[in-house]
Amino acid sequence: MSALQTEGTSTDKTDKKRSDKLGDKNDLRIKAIENGTVIDHITAGQALNVISILGGGENFTNTVSIVMNAGSSRGDKDVVKIEGRELTEKEVNAISLISPKATVNIIRDFEVIEKRKIQTPDYVCGIVRCINPNCITNSEPIESKFAVAADEKVKSLVLRCVFCESVMTEELIQFIE
Ligand SMILES: [Zn+2]
């Protein structure tokens, strides 16, 4: 019982006070990197999907560190660190679809030179494949385009295809190209 209680109250006052500081030890609990990117405040459970967006597969040679279910004042989160690489705008937009509260920290010479919150764009182009097999973007060489809206009720983003009006909310990761 007491063990359970301890786990449940990991967001104590000291944690809260310290966690917003740039480069805080508690935030970046894995070894510092010389150059690269730290994606912080990833929605818990989405770290592997973030890696997959970054092309984590055959041609992926960057060193990656993952922390899953790290405690923070905003609740559980995942953290991904990639050495020797900064993200493209397209990658950041794709990440924003599965983890809208993530922050991207650019590291150069062991210093955080830029820290920014991910912004979910109003439209995403060429990132998500339309769920509708009859959509023109699935049969013609046309870049997909979706209007993005937040929906409090489904607690996730709602994407509407501008070509066929199909609406996509869940399992977006399966459709990210
Ligand atoms: Zn469509």
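**Figure 1. The whole chain, with five helices and nine strands.** This is a predicted model, and the protein chain runs through its helices and strands in the order α-α-β-α-β-β-α-β-β-β-α-β-β-β. Of the 177 residues in the chain, 27% are buried. What share of the contacts between residues at least 6 apart in sequence join residues at least 24 apart? The share is 61%.

**Figure 2. The five-stranded open sheet.** Go across this sheet and you meet the strands in the order 2-3-1-4-5, with antiparallel pairing. Which strands sit at the edges? They are strand 2 (64-70) and strand 5, and each of these pairs on one side only. On average, neighbouring strands here are turned by 15° against each other, ignoring direction. As a bit of background, strands of a sheet pair through backbone hydrogen bonds, either parallel or antiparallel.

**Figure 3. Strand 1 next to strand 4.** Zooming in on this pair, you'll find five bridges holding to the antiparallel sense. A handy residue to look for is Ile39, which stands opposite Val104 in strand 4. Keep Ile39 in mind, as this residue turns up again in the view of the core.

**Figure 4. The largest nonpolar core.** There are 30 residues in this core, and the ones that touch the most other members are Ile39, Ile42, Val50, Val80 and Ile95. Several elements chip in with at least two residues each: strand 1 (36-43), helix 3 (47-53), strand 3 (77-83), helix 4 (89-98), strand 4 (103-108) and strand 8 (156-161). Which helix gives the most to this core? That's helix 4, with four residues. Why does the core lie between domain 1 (2-117) and domain 2 (123-175)? Both domains give residues to the core, so it lies between them. More generally, nonpolar side chains tend to be buried together in soluble globular proteins.

**Figure 5. Val80 and the residues around it.** Here we pick out one of the core residues that touch the most other members, Val80. Leaving aside residues up to four places away in sequence, what does Val80 touch? The list runs Ile39, Ile42, Ala47, Val50, Ile51, Val64 and Ile66. Among them, Ile39, Ile42 and Val50 are also on the list of core residues that touch the most other members.

**Figure 6. The four-stranded open sheet.** This sheet has the strand order 6-7-8-9, and the pairing is antiparallel. At its edges are strand 6 (123-125) and strand 9, each pairing on one side only. Look at where strand 8 meets strand 9: the two pair over two bridges, in the antiparallel sense. One residue to find there is Arg160, whose bridge partner in strand 9 is Val167.

**Figure 7. Phe110, a loop residue with a positive phi.** Most residues other than glycine have a negative phi. Phe110 isn't a glycine, yet its phi is near 65°. You'll find Phe110 in the loop between strand 4 and strand 5 (111-117). Is Phe110 buried or exposed? Phe110 counts as exposed because it has 10 C-beta neighbours inside 10 Å, and the cut-off for exposed is 12 or fewer.

**Figure 8. Glu165, a non-glycine residue with a positive phi.** For Glu165, phi is about 70°. This residue is in the loop between strand 8 and strand 9 (167-168). Glu165 has 10 C-beta neighbours inside 10 Å, so it counts as exposed.

Note on methods
Residues numbered from 1 in each chain as written. Predicted model: local features only at pLDDT ≥ 70, side-chain atom pairs only at ≥ 80, totals over all residues. Core = buried A, V, L, I, M, F, W, Y, C linked by C-beta atoms within 7 Å. Buried ≥ 20, exposed ≤ 12 C-beta atoms within 10 Å, placed from the backbone. Domains from an automatic or database assignment. Contact = placed C-beta atoms within 7 Å. Pairing = 2+ DSSP bridges. Axes fitted to C-alpha atoms, helices over the stretch in contact; angles between N-to-C directions.
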